[in-house]
Amino acid sequence: MTRASLDKQPHEVAAMFDDVAAKYDLTNDVLSLGQARLWRKAVARAVGARPGEKVLDLAAGTGTSSMPFVVDGAYVVPCDFSVGMLREGKKRNPWMLLTAGDATRLPFADGVFDAVTISFGLRNVQDTGAALREMLRVTRPGGRVVICEFSTPTWAPFRTVYTEYLMRALPPVARAVSSSPDAYVYLAESIRAWPDQPALAGLLQEAGWSKVAWRNLTGGVVALHRGTKAAG
């Protein structure tokens, strides 16, 4: 396997995630210093899924990110373009309705979901704008989107430390715990290249989402962006 380049060729990124599927959740917990679980809880609160609602969880991987919505009583569709991740998820939870799909060409009808969410996956999509427009298309009028993604720390001294961690500490840690450390070098580079909070908010607005806002988590290491599909 060669490391996927930052032009994010879909087949390369999918293959990369296939390779890390077995240890993906464990590696995330280690590399995030345990913060990943707190971020998942924050996403669940932001989505606010109610019993009977239809929630599309994109870049769901093994389905770990979908579990809080199941607990809330929602009808959840975990979707990912890495078949390897989906296979791993099916081993763990055979009852889950795991679906293979590309975020830029979603295999769903218009307006069928009450909420669409994606955690740490939008950054790996080749065309961000196309994905945001597809999310809008499959959301019902009045429905909502929640995006959890790595972002730009707000405090400059911490931002410097964080960047050093990404590029120097993350690769050796990944080599120790991951089945495919090259994938995490790519992920570190993709985080550095990703738009900051206002820029992502602008992309959401350009795609047609309204009432766009964001909230920083862990000092801006991660940001939760939200938007609503206009009712009319």
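Let's start in helix 5. Glu-88 and Arg-92 sit 4 residues apart there, so about one helical turn separates them. Their side chains meet in a salt bridge, at 3.4 Å from N to O. Keep in mind that this is a predicted model.

Now, how exposed is Arg-92? Its relative accessibility is 36%, so Arg-92 counts as partly exposed. Glu-88 is another matter. Its relative accessible area is 15%, and buried means under 20%, so Glu-88 is buried.

Glu-88 has a second partner. Which one? Lys-91. That salt bridge comes in at 3.6 Å, N to O. Lys-91 and Glu-88 are 3 residues apart in helix 5, which covers residues 83-92, so again we have a separation of about one helical turn. Lys-91 has 65% relative accessibility, and the cut-off for exposed is over 50%, so Lys-91 counts as exposed.

So much for the helix. How many salt bridges are there by this rule? The count comes to 9.

Next, one that spans the chain. Arg-144 pairs with Glu-53 in a salt bridge, and their closest N and O atoms are 2.6 Å apart. This pair links distant parts of the chain, 91 residues apart. Arg-144 belongs to strand 5. Glu-53 lies in the loop between helix 3 (35-47) and strand 1 (54-58). Are these two buried or exposed? Both Arg-144 and Glu-53 are buried.

Now to strand 5 itself, residues 139-150. Of its 12 residues, 9 are buried, so strand 5 is largely enclosed by the rest of the structure. What joins strand 5 to strand 4? There are 6 bridges between them, and the two strands run parallel. Strand 4 takes in residues 113-119. For one position to look at, take Ile-118: it stands opposite Ile-147 in strand 5.

Last stop, the surface. Which residues form the positive patch? Lys-41, Arg-45, Arg-215 and Arg-226. Look at Arg-215 on your screens. Arg-215 is placed in strand 6, residues 210-217. With a relative accessible area of 36%, Arg-215 is partly exposed. Patch members need over 30%, so Arg-215 clears that cut-off.

To recap, briefly. In helix 5, Glu-88 meets Lys-91 and also Arg-92. In strand 5, Arg-144 reaches Glu-53 in a distant part of the chain. And on the surface, Arg-215 is one of the residues forming a positive patch. That's my tour.

Technical notes
Residues are numbered from 1 along each chain as its sequence is written. This is a predicted model: local features need pLDDT of at least 70, side-chain atom pairs count only at pLDDT 80 or more; totals for chains, interfaces and linings use all residues. Side-chain values use heavy atoms; hydrogens and water are left out. Patches are made of residues with over 30% relative accessible area and no salt bridge: like charges are joined within 9 Å, nonpolar side chains (Val, Leu, Ile, Met, Phe, Trp, Tyr) within 5 Å. Accessible areas come from the Shrake-Rupley method with a 1.4 Å probe; for residues, only the protein chains shown count as cover. A salt bridge is a side-chain nitrogen of Lys or Arg within 4 Å of a carboxyl oxygen of Asp or Glu. Lys and Arg count as positive and Asp and Glu as negative; His and the chain ends are not counted. The place of a charge is taken as NZ of Lys, CZ of Arg, CG of Asp or CD of Glu. Buried means under 20% relative accessible area, exposed over 50%, partly exposed in between (1.4 Å probe, protein chains only). Two strands pair if DSSP finds at least two bridges between them.
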